[in-house]
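Subject: Structure handover, charged pairs

Hello,

Please find the structure below. My notes on its charged pairs come after it.

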Amino acid sequence: MKSDLYRHVITSTVLFIFFCTQLSWAQSNLKEGNNNFARYTKSGDMKDLLEARKFADLGYKERRDSAAYNNTLLRGLVYGSLAVADSNRTQKYDKDPIDEAEFMLSRLNDEQLNYENEAQINYLKKRLAEAYLIRANRALTNNNYEEAYNLFGKVNEYNSTPNTRHNLALLSERLDRPDDAIKLYNDFIQNKSSAKPSYILTLAKIHLNKGDNNAAQNVLLKGREYFPTNKDILFALLNLYAGNGAYDAVVALADEAIAMEPESVNLNYLIGYAYEVTGDREKAESYYKRTLELDPDDYNSNYELGLLYLRDFVKDASNLEKQYEAQQYLLKANEIDPNAVNALKSLAVLFDKSGNGVQLERVNSQLNQIDMN
């Protein structure tokens with residue numbers, strides 16, 4: 001009986017000593033791993049990181065070790081760092097460092113300990129983001145846009161930055177995912193601090209491509225609030241108004257636009273046409289003439305001026321001055337573009353009203369030839 005008790009005491013003592021020894025080794029591995037990893041964060045020396053890996057691996061062999069929060073955290077930090085430092089995978093791995101680090105991160109589920117180790121966890125997430133960024137940029141270099149999009153999504157998951165979100169927006173456009181691009185750009189323009197004129201213009205263009213003119217207009221108007229002196233946004237809004245036939249809105253912006261681009265042929269013509277449509281003949285005439293000062297061979301302004309004077313002549317056939325002016329500008333338009341039907345038809349009206357049969361026959365013959373073709 002005493003011998004059995006003695007053996008039991010001896011066995012228990014041995015097991016206790018063995019357990020303590022194992023615990024000491026595990027604690028030693030964790031301590032050495034943390035020390036080497038701390039040295040690596042200061043030195044950036046790969047040797048320190050590989051030493052940290054060695055101890056992190058030794059401290060993660062036993063099942064009870066893998067359940068320990070600190071062991072898991074260290075291993076995540078080490079392999080997250082290896083995913084970046086050894087981006088070309090010169091070391092041997094059973095599992096890719098990114099996958100290993102993500103798995104370790106997924107096991108850090110203790111909210112209190114996570115709070116206490118928030119800085120280290122953020123460090124790990126940033127390393128994962130950086131590792132995925134390396135892969136994403138490589139995919140871009142190889143024109144693998146779908147892969148790049150997915151990888152930038154992982155970057156954004158771990159460390160969302162404006163640059164990453166912009167890359168996702170650009171890739172969404174390239175991959176013809178307008179809804180994704182719209183969401184990303186909308187996030188940018190919610191605040192002036194994160195908005196850029198290029199984001200405003202791109203988002204407006206995406207809405208226009210989808211046929212949503214109202215959404216495009218709202219984006220451009222917000223852009224005007226944020227960047228009131230930006231010429232590109234103003235001109236995009238002018239073109240949108242013109243395309244929608246909102247010429248009163250074009251007129252409202254006329255002075256501001258001309259101040260920015262006084263020598264623009266297209267802008268002067270557009271404003272002239274807007275004034276004509278909204279009933280201000282005097283300003284329309286003035287802008288058409290200004291356009292022709294800049295470019296005498298501008299077809300549109302020659303035609304529109306000729307049309308203005310033709311209307312005057314039709315109202316008063318005795319007004320030879322208007323007849324001459326209409327003929328001058330319409331013939332110039334016909335010279336610039338001999339096959340322009342609208343100029344030919346206007347000339348036909350002019351020559352018919354003035355009784356110029358020879359010219360009327362010429363114009364009608366040209367119109368017939370165009371119809372035959």
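Here is what turned up among the salt bridges.

This is a predicted model, where local features need pLDDT of at least 70, side-chain atom pairs count only at pLDDT 80 or more, and totals for chains, interfaces and linings use all residues. Residues are numbered from 1 along each chain as its sequence is written, and side-chain values use heavy atoms, with hydrogens and water left out.

The structure holds 24 salt bridges (a side-chain nitrogen of Lys or Arg within 4 Å of a carboxyl oxygen of Asp or Glu). Three of them are described here, including how accessible the partners are. Buried means under 20% relative accessible area, exposed over 50%, and partly exposed in between, with a 1.4 Å probe and protein chains only.

Asp 57 pairs with Arg 53 at 3.6 Å, N to O. Both lie in helix H2 (residues 46-58), four residues apart, about one turn of the helix. Helices are DSSP runs of H or I, at least four residues, numbered from the N terminus. Asp 57 is partly exposed at 23%. Arg 53 is buried at 14%.

Glu 100 bridges to Lys 95 at 3.8 Å, N to O. Glu 100 is buried at 8%, whereas Lys 95 is partly exposed at 36%.

Lys 289 meets Glu 285 at 3.4 Å, N to O. These two sit four residues apart in helix H17 (residues 281-294), about one helical turn. Lys 289 is partly exposed at 32%; Glu 285 is buried at 18%.

One network, joined by salt bridges that share partners, holds Arg 53, Asp 57, Arg 75, Lys 95 and Glu 100.

Best wishes
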